Amino acid sequence: MKIKIENRFSGQILFSGEFGSLKLCVEAAVKAHTNLADADLAHANLARANLADANLAGANLAGANLAGAKNLPIPSEEEIARLDQVREIVLAKPKRIGDPP
């Protein structure tokens with residue numbers, strides 16, 4: 001089946017092709033040295049995927065299954081600092097969707 005990986009912000013196609021699963025598509029993209037920064041991979045089943053040398057900076061991996069994924073990239077100091085900033089914002093304003101204003 002035709003599968004495409006899109007940029008989560010612009011919708012630009014980062015990689016596409018005929019694959020049996022999104023996991024196989026992601027592995028092929030990584031093997032082809034495709035830059036997957038800002039990719040929309042939310043809820044992707046990437047269990048046991050080989051992600052060696054993948055650039056997933058800014059990728060949306062919310063709800064993705066990364067169990068047993070190999071060679072996950074180590075986040076940079078800058079990425080960790082951004083996550084720390086997000087955590088502080090969330091903890092400072094614990095309002096949830098649907099809460100009254």
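Let's start with contacts: if you take the contacts in the protein chain with a separation of 6 or more, residues 24 or more positions apart account for 18% of them. Keep in mind, please, that what we have on screen is a predicted model.

One long-range pair to look at is N55 and V30. They sit 25 residues apart along the chain, and their C-alpha atoms are separated by 8.1 Å. N55 itself is in the loop between α1 and α2. And what does N55 touch, leaving aside residues up to four places away in sequence? The answer is N35, L36 and A37. N55 is partly exposed, with a relative accessible area of 31%.

Now let me step back to the overall layout. The protein chain has 2 helices and 2 strands, and reading along the sequence you get the pattern β-β-α-α. The strands are β1, residues 2–6, and β2, residues 13–18. The helices are α1, residues 22–31, and α2, residues 77–92.

How much of this is buried? Of the 101 residues of the protein chain, 27% count as buried. As for the outside, the accessible surface comes to about 7,000 Å², and 55% of that belongs to carbon and sulfur atoms.

Next, the inside. The largest nonpolar core has 19 residues. Which of them touch the most other members? Those are I5, V26, L36, L41, L51 and L56. You may remember L36 from a moment ago, as one of the residues that N55 touches. Looking at where the core comes from, β1 and α1 each supply at least two residues, and the largest share, 4 residues, comes from α1.

So α1 deserves a closer look. Its buried residues are C25, V26, A29 and V30. Seen down the helix axis, they fall within an arc of 135°, so they line one face of α1. The spacing should feel familiar to anyone who has drawn a helical wheel: an α-helix has 3.6 residues a turn, so residues three or four places apart point the same way. And what do the buried residues of α1 pack against? They pack against β1 and β2. Two names come back here: V26 is also on the list of core residues that touch the most other members, and V30 is the partner in that C-alpha pair with N55. Just after α1, have a look at H33, which takes a positive phi of about 60°.

Let me finish with the charged side chains. How many salt bridges does a search of the whole structure find? It finds 2.

One is between K4 and E6, where the closest N and O atoms are 3.3 Å apart. Both partners are partly exposed: K4 has a relative accessible area of 48%, and E6 has 28%.

The other is between R82 and E78, with the closest N and O atoms 3.7 Å apart. Here the geometry of the helix helps us read the pair: because R82 and E78 are 4 residues apart in α2, they are separated by about one helical turn. R82 is partly exposed, at 41% relative accessible area. E78 is at 55% relative accessibility, so E78 counts as exposed, the cut-off being over 50%.

That's my tour, thanks for listening, and I'm happy to go back to any of these residues on the screen.

Notes: Residues are numbered from 1 along each chain as its sequence is written. This is a predicted model: local features need pLDDT of at least 70, side-chain atom pairs count only at pLDDT 80 or more; totals for chains, interfaces and linings use all residues. Side-chain values use heavy atoms; hydrogens and water are left out. A nonpolar core is a set of buried Ala, Val, Leu, Ile, Met, Phe, Trp, Tyr and Cys residues joined through side-chain atoms within 4.5 Å. Buried means under 20% relative accessible area, exposed over 50%, partly exposed in between (1.4 Å probe, protein chains only). A salt bridge is a side-chain nitrogen of Lys or Arg within 4 Å of a carboxyl oxygen of Asp or Glu. The arc is that of the directions from the helix axis to the C-beta atoms. Contact means heavy atoms within 4.5 Å. Accessible areas come from the Shrake-Rupley method with a 1.4 Å probe; for residues, only the protein chains shown count as cover.
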